[in-house]
Every structure is written in structure tokens, then in C-alpha cells.
Amino acid sequence: MTNMRVVLSITKMNFLEWKRNPRIITAFVLAFTFCVMLSGKALMFAKSYGTFMQIFEPFVWAFGDAKSIMLASLLLIFFFMDMPFVNEATPYYLLRINRRIWISAQLLYVGLVTIIYMCFLLGVFCLICAPISFVGNMWSETGALLGYSGVGTDIALPASVKAMEISSPYQCVLTIFLLMLLYTLLGATLMMVFNLLKNKFGGVLSVFALNLYGLLLNPQSLRRVLDIPENLQYKANVLCGWISPLNHATYYMHNFGYDLLPRLWQSYLLFAVLILINIVLITSLAKKYQFNFL
């Protein structure tokens, strides 16, 4: 119980660093701007056709695309650039507790910040689209127009017909939220591993490398680069769906009963294993980390 109080105390100290912190303010401003840009097309489309939207649909459409997920995860660099978080209270804590407790507080902070960030994105989308939205658990006429007419693909609003046919908006948004949360947690813990192993630049570089790896393994990009024939495109989709963490975080890149893509539970399990490996590495590296107090 005492250890838990210490963990919560250190976590609270990390959050106190947010006060008037220009880097944190910049992160939320950029995230808000990002949400406005992604929701703008949905708003314009709905207004042009005089239709309403289900309040979670713009979030589902925006983050049904791997590139949007990648860009959203990159903004977390602003929150975690200073990992491990060292402040004036750190020497005091390290004299009185072991490093395992200290690193537990850092991991708790990473998890809470990631959840707060994801809730912020979802909240901004709902706030922006609220004037022409309803809260009922059913897909809207706007979603049907985007999905079944093919217009969504043309204007970069991937309203997946497959998603609408097999799930409800509430179920879909919870699944996408969880997939994105796990992917961003993977990026955050990977960043912390390289911050401890190398330096802050190494941590930032690791996040860019993770996202670049996912971007290069996009089925469409892979087809253009390798000039894959049309009859082999499905195999390329399946391969990319399995070996790319970014594709595991993309809702429509999953098996819903009639293809060989990974199922949702398999993606959840893969993310959990990778995050756990990162946590084990973080705990091990923290024992050898050399602190420099100015």
C-alpha cells in the first residue's frame, strides 16, 4: 500500500510539470488542429447533402485510415520527449525507494497520458460534429452515402461498408479507440526503451522508425513499389495485415469471418505481448540508467 502511494505521488509530480508547459500546450493545440482538419471533410459532405451523422462516425471514418492513426500517434512525442522524467524531486525519491517503484510511476504516467490524449481526440471530434449529429446507436444516412456510393474513398473518408454491416457505431468506436490506444502505448513504451538505452533523440527516432515501418507496409504502397500483379494483391494485403503493427491498429485490416487477416483478439494479444516486452526492457534498463542531475 505504501509503495502504491509513492507511485501515485511520483505520477502526480509528473503531471504537475504540465502547468504552463509550452510543449504540452503545443501538443494539445496541434491535436485539436488535427481533429478539425480530419472532421472538416465529413462536416462539409453532410452539409452539402443536408444529412445528419451519428456522433462517433467522424472519429470512425478519420481513424479507419492507417495514415491518420500514424499522424495521431506521432503527436505523443511532445508528451514523452523527456522520458525518463527527471525533476528536482527525483534525487529525493531515488534515495528512499528502489528503481522498480520509480519506473512503475513512469509507466503509469505513460498509460494515463495516452488514455487522456485518446479521450481528448474523441471528445474534440464529438464537440466539432455535435451540431449536425445524433447519439443513437445506428449508422446515419451520411455514412450510408459515403460507404455504399464509393464517394468516401474519393474524398479520403474511408467509411467501411464492412464495418457498418457487422458492427454498431458504439461497438466500432470502442474497438478503434482500443486499437489506437494499444498502438500509441506501444510507441510510447518503445520510445522509453530507447530513451533509456540511448538518449532522447534515439527515443524520437524509434517512434519515427515504427511508423515508417507501418507506412511502408501499407498494401497500396507496397503494390506500387513492388509492382505486384492484381491477382497477388490479396496475398500482399494479408501479409501486410499480419506483420505491420500499424495495420493491426487499423480496424478494417482485420478478419471478420471471411478472409485470412488477423482477428481483433489476435491484434490485442500481439500488442499486449509487445508492450509487455517493452516494459520488461524498461525495468531492466532502469536498473543500469545513469542519472545526471544538474
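This report describes a predicted model of one protein chain, moving from its overall make-up to a pair of packed helices and then to single residues.

**The chain as a whole**

The protein chain contains 16 helices and two strands. Of its 294 residues, 52% are buried. When contacts between residues at least 6 apart in sequence are considered, 78% of them join residues at least 24 apart.

**Two packed helices**

Two packed helices are described by the angle between their axes and the distance between the axes. For helix α11, which covers residues 169-197, and helix α12, which covers residues 200-216, the angle is about 145° and the axes are 7 Å apart. The crossing of α11 and α12 is right-handed. On the α11 side the contact is made by Y183, L186, G187, L190, M191, F194 and N195, while α12 contributes K200, G202, G203, V204, S206, V207, L210 and N211. Sorted by kind, the residues of this contact comprise eight nonpolar, six polar and one charged.

Two of these residues also take part in the surroundings of S73, a residue of helix α4, which spans residues 66-74. Not counting residues up to four places away in sequence, S73 touches Y183, T184 and N211, and Y183 belongs to the α11 side of the helix contact whereas N211 belongs to the α12 side. S73 has a relative accessibility of 8%, and because buried means under 20%, S73 counts as buried.

**Residues and their accessibility**

The table below sets out the relative accessible area of five residues.

| Residue | Relative accessible area | Class |
|---|---|---|
| S73 | 8% | buried |
| N255 | 10% | buried |
| G111 | 16% | buried |
| S9 | 30% | partly exposed |
| R20 | 74% | exposed |

N255 is located in the loop between α15 (245-248) and α16 (264-288). Leaving aside its neighbours within four places in sequence, N255 is in contact with L261, P262 and R263. V238 is 17 residues away from N255 along the chain, and the C-alpha atoms of the two are separated by 9.6 Å.

G111 is part of helix α7, which runs over residues 99-129. Although G111 and T189 are 78 residues apart along the chain, their C-alpha atoms are separated by 9.2 Å. A similar description can be given for S9, which is placed in helix α1: its C-alpha atom and that of A105 are 8.2 Å apart, with their positions 96 residues apart along the chain.

R20 is found in the loop between α1 (2-16) and α2 (22-49). The backbone of R20 has a positive phi of about 55°, although R20 is not a glycine. With a relative accessible area of 74%, R20 is exposed, because the cut-off for that class is over 50%.

**A buried glutamate**

E57 is in helix α3, which is made up of residues 57-62. What is the nearest side chain of opposite charge to E57, and how far away is it? That side chain is K47, at 15 Å, and E57 is buried yet has no salt bridge. Because a salt bridge requires a side-chain nitrogen of Lys or Arg within 4 Å of a carboxyl oxygen of Asp or Glu, K47 at 15 Å does not form one with E57. Apart from its neighbours within four places in sequence, E57 is in contact with W139, S140 and G143.

Notes
Residues numbered from 1 in each chain as written. Predicted model: local features only at pLDDT ≥ 70, side-chain atom pairs only at ≥ 80, totals over all residues. Heavy atoms only, no water. Helix = DSSP H or I, 4+ residues; strand = E, 2+ residues; numbered from the N terminus. Buried < 20%, exposed > 50% of the residue type's maximum accessible area, 1.4 Å probe, protein only. Lys, Arg positive; Asp, Glu negative; His and termini not counted. Contact = heavy atoms within 4.5 Å. Axes fitted to C-alpha atoms, helices over the stretch in contact; angles between N-to-C directions. Left-handed = near helix turned anticlockwise from the far one by under 90°. Nonpolar A, V, L, I, M, F, W, Y, C, P; charged D, E, K, R; others polar.
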